[in-house]
Amino acid sequence: MTKVRGLRRTGIGIRASSFIRHSSFVLRHFSRMNSILPWLILLAPLTSAVVITVFTLRWKAVSTFISIAAVLVSFVCSCLIFARATGAAAEFTWIDISGALQVPLGLTLDQLSKTMAVLVSAVGAVIHIYSLGYMRDDEGKSRYFAALSLFMFAMLGIVLANNFIMLFIFWELVGFTSYVLIGHWFYRDAAADAANKAFITTRIGDFGFMIGILMVWMATGSIVFAEIAPRMSTLAGHPLFLTIVALLIFCGAVGKSAQFPLHVWLPDAMEGPTPISALIHAATMVAAGVYMLVRVAFIVQASQTALLIVAWIGTITAVMAALIATQQNDIKRILAYSTLSQLGYMIMAVGLASNDAAMFHLFTHAFFKALLFLAAGSVIVMLHHEQNIWKMGGLSRKLPITFASFVVGALALIGCPPFSGFFSKDAILALAYERNTPIFAVALFTAFLTAFYVIRLLVIVFFGTPCSDIARNSGESPPVMTVPLIVLALLATVGGFAFFARNFLTLPVEKEVAIIVPALAIVALIVGSGLAIALYRNRTAEPVDVEILRHKLYLDEFYSWLIYWTQELLARVSAFVDRWIIDAGAVGGSSRGTWGIGAVLRLVQVGNLQGYVFVFGLGVVAVIYFAVFR
Amino acid sequence: MITLGDYLLVSAILFSIGFAGVMLRRNLIIILMSLELTLNAANLSLVAFSRFRVDPSGLPNYNAQVFVFFIITVAAAEVAVGLAILVALYRARQTTDVKDISQLKF
């Protein structure tokens, strides 16, 4: 049963019931539009996904059109809502177990969620259009666009949800769509395995997340963010409980945002189509973990211990991924590791208790990382799905637009002024400088590594001489792919400037003392880039070979060893229990026990009738003795 | 004057003779007869108890005597079955000695 409960926080400030009675039709209609508009953001992609799956799987062009129309509707609605000062959304009751659990279907419309909705739908729209070109000849185009629409629905759901239950459901739904899209080319074993790996690995984190949600609900009696926040103070006396809750909630982010030690799924997820890597595994879904932590910052920031652990996990992920990225040869994997590294920066900012810095980096990263992936996709398509960077080279003349946009993305990623990444990364570095010096040192080292591996990628792919025939004969991508690149390149350039970003975010305040921070960052940048240029100019093969990094620190091997032995141990224990306790003990024991008792008792059967009578008489005497005389 | 104790003494002697017969004799027919003797010892004690118990109304309690009739009836049926088995056994084995009928043993 659902009922309209009321218009929460209406601009006019009148409750719906009295409002409907007293006002004119026009006003009422207007207000209804106002409160339904936010729901339209969610409903448009959902409708698209359903319609494509149910009706238009066969007509690829129609499916494509529906999906793109839906994402544009979402984008326009997000912009309209962003432009409005107040957030009014109709709220429904979904589950109402009186006194125990109330789950509303409601939307949060504050600065944070509005910005995120605009960002997600904007990047989503660009990537939908780019997919037109990238997936032009794909057999499963309808399936692809249906899943893409479902992803938009789920992702926008995470952004707008106003309670933990809705958040968790959408959270799982993006996990599912991510699974479907990684496994889009499911007939390739690598893609199918990567899809399974992504789904199962994130499930580990989600399990902790779910326990965290249940603990929050038990402690505060509510699952609505706005109701939990004021009740957190009642838990101030239980620091251990708060730490555990915060870390369990963080578990969800560790899985979804691919933080150490659950990061292993993200590089493999690159088996999916490149637009998917750009949208889901770089710009939006993996940032959902960061967004969620910012959304429930009142829980995370309630425990200093938890904050410290969060910050260090982010730092470890950042430096580890950057180290691994320096030795990878697959263009998409390098970008995947750079995504891990940048997500590490964001988590680090969350752990240093600055939501503004985390969201700022998320915002700029979404643009430049989507840009980098789409540019990489353009290269990959033009080279007939060749992803090994050593088979590229000299592409700057063949794909000028792709090259230019890739350079913009790369410069933003390494934090070169005046591109957007400089400002947001600088904000995080300044924050670390101010609050935790060891983390600052590691973050600075990561910045150096970032410059090194990004410039390495750039030099090998776009400069030098072409290393293969396909690289020699390639041409520029069609406009449907280059126009999104140009749009994203513009956004990646201006995204960090205060005059632009201030409209969307609360920018972190920088202190004057931190002038040393950008200076150090630029030094790291120059050293890193210089080293990469010196090492990789005019090379056709890898000059340095660090095996441990090329094998991703052997973490995959370690995990498969761990899983193998866990499974083996479990199997052996079960086999032991089955063989020796169930079979030998319960089944064999009862049969042998019965047999043994029978073997003893049959000795009594002597076949002498008078003997039996004698024993019988003795028995009677005994019974009489015990009955009468005792 | 014959007391309850005398009757019970006779009953006990009868039972002992019967039991001893069952235990010591080899012939199955004798054993069956001895069994009947033990039953009748029990009957005798039941009747004696009944005769010597007097209710407040002044009349003896006849329940036990009625019970004895039932026992006699059941004993008759038992003898019929027992003798029938005996006859069948004799036809099969040409013997009524318990020593020869000891197949059912370990």
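With which residue does D206(A) form a salt bridge, and how far apart are the closest N and O atoms? In this predicted model, the partner of D206(A) is R203(A), and the closest N and O atoms of the pair are 3.9 Å apart. Both residues belong to helix α7 of chain A, which spans residues 189-220, and they are three residues apart, about one turn of the helix. D206(A) is buried, with a relative accessible area of 1%, whereas R203(A) is partly exposed, its relative accessible area being 29%. The assignment of D206(A) follows from the cut-off, because buried means under 20% relative accessible area.

The pair in helix α7 belongs to a wider set, since a search of the whole structure, taken over all chains, finds nine salt bridges. A further salt bridge joins the side chains of E227(A) and R231(A), with an N to O distance of 3.9 Å. These two residues lie four residues apart in helix α8 of chain A (residues 225-231), again a spacing of about one turn of the helix. E227(A) counts as partly exposed at 37% relative accessibility, and R231(A) is likewise partly exposed, at 33%.

In helix α26 of chain A (residues 555-601), E568(A) and R572(A) are separated by about one helical turn because they are four residues apart. Their side chains meet in a salt bridge with an N to O distance of 3.2 Å. E568(A) counts as partly exposed at 21% relative accessibility, while R572(A), with a relative accessible area of 51%, is exposed. Both values can be read against the cut-offs, because partly exposed covers the range between under 20% (buried) and over 50% (exposed). In addition to such pairs, K197(A), D268(A), R333(A) and D556(A) are linked in a network of salt bridges.

The contact between the chains was examined in the same model. It takes 11 residues from chain A and 14 residues from chain B, and the two chains bury about 930 Å² between them, 68% of which is on carbon and sulfur atoms. Between chain B and chain A the count of salt bridges is zero, whereas two residue pairs are in polar contact, both at pLDDT 80 or more. On the side of chain B that touches chain A, helices α1 (4-24) and α2 (28-52) of chain B each supply at least two residues, and the largest share, four residues, comes from α1(B). By class, this side of chain B has 10 nonpolar residues, one polar residue and three charged residues.

Key:
Residues numbered from 1 in each chain as written. Chains lettered and ligands numbered in written order. Predicted model: local features only at pLDDT ≥ 70, side-chain atom pairs only at ≥ 80, totals over all residues. Heavy atoms only, no water. Salt bridge = Lys/Arg side-chain N within 4 Å of Asp/Glu carboxyl O. Buried < 20%, exposed > 50% of the residue type's maximum accessible area, 1.4 Å probe, protein only. Contact = heavy atoms within 4.5 Å. Buried area = accessible area lost by both parts, 1.4 Å probe. Polar contact = N/O pair within 3.5 Å; in protein donor to acceptor, adjacent residues only side chain to side chain. Nonpolar A, V, L, I, M, F, W, Y, C, P; charged D, E, K, R; others polar.
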